[in-house]
Amino acid sequence: MSLPESFRGRLSLPAIAAPMFLVSGPDLVVETCRAGLVGTFPSLNQRTTDEYAAWLDRVGERLAKHPDAAPFGINL
């Protein structure tokens, strides 16, 4: 199985950092992506829709400054 085009050239290792309940958040996700791994967090780490949207915005804004960073994902 090959990597999706959006992942090519952006991973230092084809791995996903597991989304950890109450541990994974924007800082961990961003730094994981910057290190070349797919960073993730569980959606339940934020209890409200507004807080969840703020986390997505924060991660997106910070990763936009690092276009070669790996993608991030959400465990729904």
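**Note on the predicted model: salt bridges, core, fold unit and surface patch**

1. Arg62 and Asp27 meet through their side chains in a salt bridge, 2.6 Å from N to O. This pair ties together distant parts of the chain. Arg62 sits in helix H2 and Asp27 in helix H1, 35 residues apart. The model is a predicted one.

2. How exposed are the two partners, Arg62 and Asp27? Arg62 is partly exposed, because its relative accessibility is 25% and the partly exposed class lies between 20% and 50%. Asp27 has 52% relative accessibility, so Asp27 counts as exposed; the cut-off for that class is over 50%.

3. A second contact lies within helix H1. The side chains of Arg34 and Glu31 form a salt bridge at 3.4 Å, N to O. Both residues belong to H1 and are three residues apart, about one turn of the helix. Arg34 is partly exposed at 45% relative accessibility. Glu31 is partly exposed too, with a relative accessible area of 39%.

4. Which residues are linked in a network of salt bridges? They are Asp27, Glu31, Arg34 and Arg62. Asp27 is in H1 and Arg62 in H2, while Glu31 and Arg34 are both in H1.

5. Glu5 and Arg8 form another salt bridge, with the closest N and O atoms 2.7 Å apart. Glu5 is exposed, at 60% relative accessibility. Arg8 is partly exposed, at 42%. The count for the model comes to four salt bridges.

6. Now the core. The largest nonpolar core has nine residues: Val29, Val30, Cys33, Phe41, Tyr52, Trp55, Val59, Leu63 and Ala69. Helices H1 and H2 each supply at least two of them. H2 gives the largest share, four residues. Nonpolar side chains tend to be buried together in soluble globular proteins.

7. Next, the strands. E1 (residues 39–42) and E2 (residues 72–75) run parallel and are joined by four bridges. Which residue of E2 is the bridge partner of Phe41? It is Ile74. Phe41 is also one of the residues of the largest nonpolar core.

8. Helix H2 (residues 49–64) completes a unit with these strands. E1, H2 and E2 make a right-handed β-α-β unit. H2 therefore has several parts in this picture: a member of the β-α-β unit, the source of four core residues, and the helix that holds Arg62, whose relative accessibility of 25% makes this residue partly exposed.

9. The surface has a nonpolar patch of about 600 Å². Met20, Phe21, Leu22, Val23, Leu28 and Leu44 make it. Leu28 is found in helix H1 (residues 26–34). Leu44 lies in the loop between E1 and H2.

10. Why can Leu28 and Leu44 be part of a surface patch? Patch residues need over 30% relative accessible area. Leu28 is partly exposed at 37%, and Leu44 is exposed at 55%, so both pass that cut-off.

11. One distance for orientation. Leu44 and Ala70 are 26 residues apart along the chain, and their C-alpha atoms are separated by 22 Å.

Conventions: Residues are numbered from 1 along each chain as its sequence is written. This is a predicted model: local features need pLDDT of at least 70, side-chain atom pairs count only at pLDDT 80 or more; totals for chains, interfaces and linings use all residues. Side-chain values use heavy atoms; hydrogens and water are left out. Patches are made of residues with over 30% relative accessible area and no salt bridge: like charges are joined within 9 Å, nonpolar side chains (Val, Leu, Ile, Met, Phe, Trp, Tyr) within 5 Å. Accessible areas come from the Shrake-Rupley method with a 1.4 Å probe; for residues, only the protein chains shown count as cover. Helices (H or I, at least four residues) and strands (E, at least two) are DSSP runs, numbered from the N terminus. Buried means under 20% relative accessible area, exposed over 50%, partly exposed in between (1.4 Å probe, protein chains only). Two strands pair if DSSP finds at least two bridges between them. A crossover is right-handed if, with the strands pointing away from the viewer, the path from the first strand over the helix to the second runs clockwise. A nonpolar core is a set of buried Ala, Val, Leu, Ile, Met, Phe, Trp, Tyr and Cys residues joined through side-chain atoms within 4.5 Å.
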